[in-house]
Amino acid sequence: MVSGDLGNVSLPSEWREARSWIERTGASVENTTLIPGNHDAYVREVVVTGAFEQVFAAYQRADLRLEADTYPFARLRGEVALVCANTCVPTGDLGAWGRVGEAQLRRVEALLAAPEVRARFRVLVIHHPPLMHRPPENRNLRDRVKLTEVLARVGADLVIHGHDHRDEFAELPGPEGRRIPVVGAGSASYAGAADRCSRYNIYEIDGPRVDVLTYAHDGTTGTFREVRRRTV
Ligand SMILES: [Fe+2]
């Protein structure tokens, strides 16, 4: 699961390079699911023409999709359902904020409630965090309160997001007093400080229990090693 960003300034050449990078990992298009980040939606024309989606179509092939719109879409993989929404809009003001939007909020709720999804472990995947970890407002999800209201009504078993480029953990209220774990994934390509350098998460799901294993790049050995294991 790749929760964006794939590029920096929404250039198809960046996305093609990112696609080859994913291909070089050996990950199949069937088992790799991908959504854009705000850097993949800098320019209105890019969003309108669906340029990003054309490059990554194979990674967004839906098992379930409501209406003709690209987002949200669901991929069903064994006992897991990935519901993937797009929070990225061309902000036009150099901000990094995002928005789910009313129409997509309705479809997210409907997809999370769909029988094929409800029968599985439901994971909502978005780029922006559904709550503010890092201010200011102009880099966060503008309608995050509405999204949390949807989640409180319909529920989900896990929310995964990107955007903040660091490991983050939180919880949101679900229906009937249940809690929904929220996990922010760090950057897969960052080459700086040890606590943020290139990393990925593995989620081990056993019933309602989720263990998040974080693997980070070790500059000394040139390999990835487990740096944290946390039950959420
Ligand atoms: Fe981002």
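Biologist: Why does Asn-140 count as buried?

Modeller: This is a predicted model, and burial in it is judged by counting neighbours. A residue is buried if 20 or more other C-beta atoms lie within 10 Å of its own. Asn-140 has 22 C-beta neighbours inside 10 Å, and therefore counts as buried.

Biologist: Where does Asn-140 lie, and which residues is it in contact with, leaving aside its neighbours within four places in sequence?

Modeller: Asn-140 belongs to the loop between strand 4 and helix 6 (144-154). With the neighbours within four places in sequence set aside, Asn-140 is in contact with Trp-97, His-128 and Met-132. One may also compare sequence with space: Pro-130 is 10 residues from Asn-140 in sequence, and their C-alpha atoms are 8.5 Å apart.

Biologist: Let us turn to the sheet. In what order do the seven strands form it?

Modeller: The order of strands in a sheet is read across the sheet rather than along the chain. Here the order is 1-2-3-4-5-7-6, in an open sheet with mixed pairing. Strand 1 (64-65) and strand 6 (168-173) are the edge strands, each pairing on one side only.

Biologist: How many bridges join strand 2 to strand 3, and in which sense do these strands run, parallel or antiparallel?

Modeller: Strand 2 (residues 73-77) and strand 3 run antiparallel and are joined by five bridges. Individual partners can be followed along the pair: Ala-74 stands opposite Val-83, while Leu-76 has Ala-81 as its bridge partner. The two strands form a hairpin with two residues between them, where Gly-78 takes a positive phi near 60 degrees.

Biologist: In what sense do strand 3 and strand 4 pair?

Modeller: Strand 3 pairs with strand 4 (residues 121-125) in the parallel sense, over five bridges. In this pairing Val-83 stands opposite Leu-124.

Biologist: Why is strand 3 described as largely enclosed by the rest of the structure?

Modeller: One examines the residues of the strand in turn. Strand 3 covers residues 80-84, and four of these five residues are buried, so the strand is largely enclosed. Helix 4 (residues 102-113) lies across strands 1, 2, 3 and 4, and runs at about 175 degrees to strand 3.

Biologist: Which residues have the most contacts inside the largest nonpolar core?

Modeller: That core has 45 residues, and those with the most contacts inside it are Val-83, Cys-84, Ala-85, Val-123, Leu-124 and Val-125. Consider Cys-84: apart from neighbours within four places in sequence, its contacts are Thr-33, Ile-35, Tyr-71, Pro-72, Phe-73 and Val-125.

Biologist: Which residues of helix 6 are buried, and where do they lie around its axis?

Modeller: The buried residues of helix 6 are Arg-144, Leu-147, Val-150 and Leu-151. They cover an arc of only 115 degrees around the axis, so they lie on the same side of helix 6. The face turned away from this buried side carries the exposed residues Val-145 and Arg-153. Helix 4, strand 6 and strand 7 (179-184) are among what covers the buried residues. Just after helix 6, Gly-155 takes a positive phi of about 80 degrees.

Biologist: How does one check the length of helix 1?

Modeller: The expected span is set against the distance between the end C-alpha atoms. Helix 1 (residues 12-24) has 13 residues and, at 1.5 Å a residue, should span 18 Å; its end C-alpha atoms are 18 Å apart, which agrees. Helix 1 is followed by Gly-26, which has a positive phi near 90 degrees.

Conventions
Residues numbered from 1 in each chain as written. Predicted model: local features only at pLDDT ≥ 70, side-chain atom pairs only at ≥ 80, totals over all residues. Buried ≥ 20, exposed ≤ 12 C-beta atoms within 10 Å, placed from the backbone. Pairing = 2+ DSSP bridges. Contact = placed C-beta atoms within 7 Å. Axes fitted to C-alpha atoms, helices over the stretch in contact; angles between N-to-C directions. Core = buried A, V, L, I, M, F, W, Y, C linked by C-beta atoms within 7 Å. Expected span 1.5 Å × (residues − 1). Arc of directions from axis to C-beta.
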